[in-house]
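Student: I have a new model open in my viewer. Could you walk me through how to read it?

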Amino acid sequence: MTGPDVVVVGGGPGGVVLALLLARAGVPVTLLESHQDFDRDFRGDSLHPYTLELLDDLGLAEPLLRLPHHPARYFRFHTPTASITTADYGKLRTRFNYVALMPQARFLDFLAAEASRLPAFTLRLGARVTGLVEDDGVVTGVRYRDRQGEQTLSARLVVGADGRFSKLRKLSGLPAHSLGASSDLLWFRLPRHPSDPPEADVDLYFGRDRYVGLLGGTDDWQVGCTLPKGGYPAAREAGVGPIRDFVAERVPWLADRVHELRDFAQTTLLSVDIARVDHWHRPGLLLIGDAAHVISPVGGNGILMAIQDAVATANRLVPALRDHGTVRPEVLAAIQAEREPAIDVVQAQQTRIERRVARSRDRGKPLAPPGFLRWITALPGVRARAAKANAYGPKPPRLDLALFTAEQVDAR
């Protein structure tokens, strides 16, 4: 076979982390990214403590965190009658007791640069996959188009990590079915001022029919305003005035700059979905991250789940390729079996939230968290437990560092 052992399609967090881990273990891997760079706005900017600890194990956390980022300590809800701190990451027993808010393009550029130092890693930008290469029902590579024209790349395994609109998923005939989402999100940026509340990190501000989400950054705020599912055309026709008014009403300290949102060209629509694929794999092919299970932005779990998929995948692929030179179907099945329970928990939580939002909107009631949340989060340890649950997710996999010893890599 000519070509790498593994082709990873998709330059999101799961794909780049998987390619980095495989290359660190000496597994020849090629990463195909359809764009010419990693710079796509509003792809999610949150790096959880789990991710920072993983990078620390690889000796990469310290150089990454030298790059500009905002350490978010709190997750808070604001209603017309109260402000509730639901999670305090500062109480976690880790040196990374915060969520690092960093533009995803900066994070991916950093990882790709680190991977490019490794002889087993190849990055091909502007490589748009057009088809699968198959032999008697087994995927043996991909066809893609780049500036040089049509190309074919063989591999022992093709991994689809190309997001919620995965081309690999469509080509593979592994359909996703939706679990239901009632809202979309309209994202835009507003400048950060020195006088802004210092405790504001990741905050939700609830009002009638919608809420505003804030993500802190070093120079600006990402602002997400909910819309009813499919409500974008009506919102666009109404213009940005109602959006500005709602943000100014619910987040008064942003009222002095909402005028900087002048038209819809400054916004990005995120079509929210929660979906899953029943079978993540076929012989010679595996789907991970949003390609296998679409996660909504609620809780900022998408990047975390994709990176944990990458860790679980690397733990099993490296020994399989070293011992057998191939990846048997039972290895791919074991990856899905390991990760699926955690995905089920996260998606079930998100589906419950979406249903609650839909019921409130249908009844004309203000969107708000459950009433008991205010007193239960005041109990000792509750904020710490909530932070831990979000920081690590359910059933977090641990990277098998024994796979990355110099002796094993050299032995390959």
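Student: Happy to start with the basics: how many helices and strands are there in the chain?

Tutor: The chain holds twelve helices and 22 strands. These are DSSP runs numbered from the N terminus, with at least four residues for a helix (H or I) and at least two for a strand (E). Keep in mind that this is a predicted model, where local features need pLDDT of at least 70 and side-chain atom pairs count only at pLDDT 80 or more, while totals for chains, interfaces and linings use all residues. Residues are numbered from 1 along each chain as its sequence is written, and side-chain values use heavy atoms, with hydrogens and water left out.

Student: What does the radius of gyration say about the overall form?

Tutor: The general idea is to compare the value over C-alpha atoms with a globule rule, 2.2 Å times the number of residues to the power 0.38. For 412 residues, a compact globule would come out near 22 Å, and the chain has 22 Å, so the two agree. Along the principal axes, the C-alpha atoms fill a box of roughly 65 × 45 × 35 Å.

Student: And how much of the chain is buried?

Tutor: Buried means under 20% relative accessible area, exposed means over 50%, and partly exposed is in between, using a 1.4 Å probe and protein chains only. Here, buried residues make up 53% of the 412. The chain exposes about 17700 Å², of which carbon and sulfur atoms supply 51%; such areas come from the Shrake-Rupley method with a 1.4 Å probe, and for residues only the protein chains shown count as cover.

Student: What share of the contacts is long-range in sequence, at 24 or more positions apart?

Tutor: A contact means heavy atoms within 4.5 Å. Among contacts in the chain with a separation of 6 or more, residues 24 or more positions apart account for 75%. Phe75, in strand E5 (residues 74–78), makes a handy example. Leaving aside neighbours within four places in sequence, Phe75 is in contact with Ile84, Thr85, Thr86, Ala87, Tyr89, Val202 and Leu204.

Student: Leu204 sounds like a good lead. Which residue stands opposite Leu204 in E16?

Tutor: First, the convention: two strands pair if DSSP finds at least two bridges between them. Strand E15 (residues 202–206) runs antiparallel to E16, joined by five bridges, and Leu204 stands opposite Gly213. E15 and E16 form a hairpin with four residues between them, and Asp209 in the turn has a positive phi of about 75°.

Student: Where does the path go after E16?

Tutor: Another hairpin, through three residues, joins E16 to E17. Strand E17 (residues 220–228) is antiparallel to E16, again with five bridges, and Gly213 faces Gly224 there. Five of the six residues of strand E16 (residues 211–216) are buried, so E16 is largely enclosed by the rest of the structure.

Student: Which strand pairs with E17 over nine bridges?

Tutor: That is E14, in the antiparallel sense. Strand E14 (residues 183–191) is mostly covered, with seven of its nine residues buried. E14 also pairs antiparallel with strand E18 (residues 268–270) over three bridges. Leu186 is a useful residue to click on: opposite Leu186 you find Cys225 in E17 and Leu269 in E18.

Student: In what order do the strands of the open three-stranded sheet lie?

Tutor: The order is E3-E7-E4, with antiparallel pairing. The edge strands, E3 (46–47) and E4 (70–72), each pair on one side only. E3 and strand E7 (residues 99–101) are held by two bridges, with Ala100 in E7 as the bridge partner of Leu47.

Student: Back to phi: where do Asp136 and Lys395 lie?

Tutor: Both sit in loops. Asp136 lies between strand E9 (128–135) and strand E10 (138–146), and Lys395 between helix H11 (382–392) and helix H12 (406–411). Phi is near 55° for Asp136, a positive value in a residue other than glycine, and Lys395 has a positive phi of about 55°.

Student: Are those two buried or exposed?

Tutor: Asp136 counts as exposed because its relative accessibility is 76%, and Lys395 counts as exposed at 56%.
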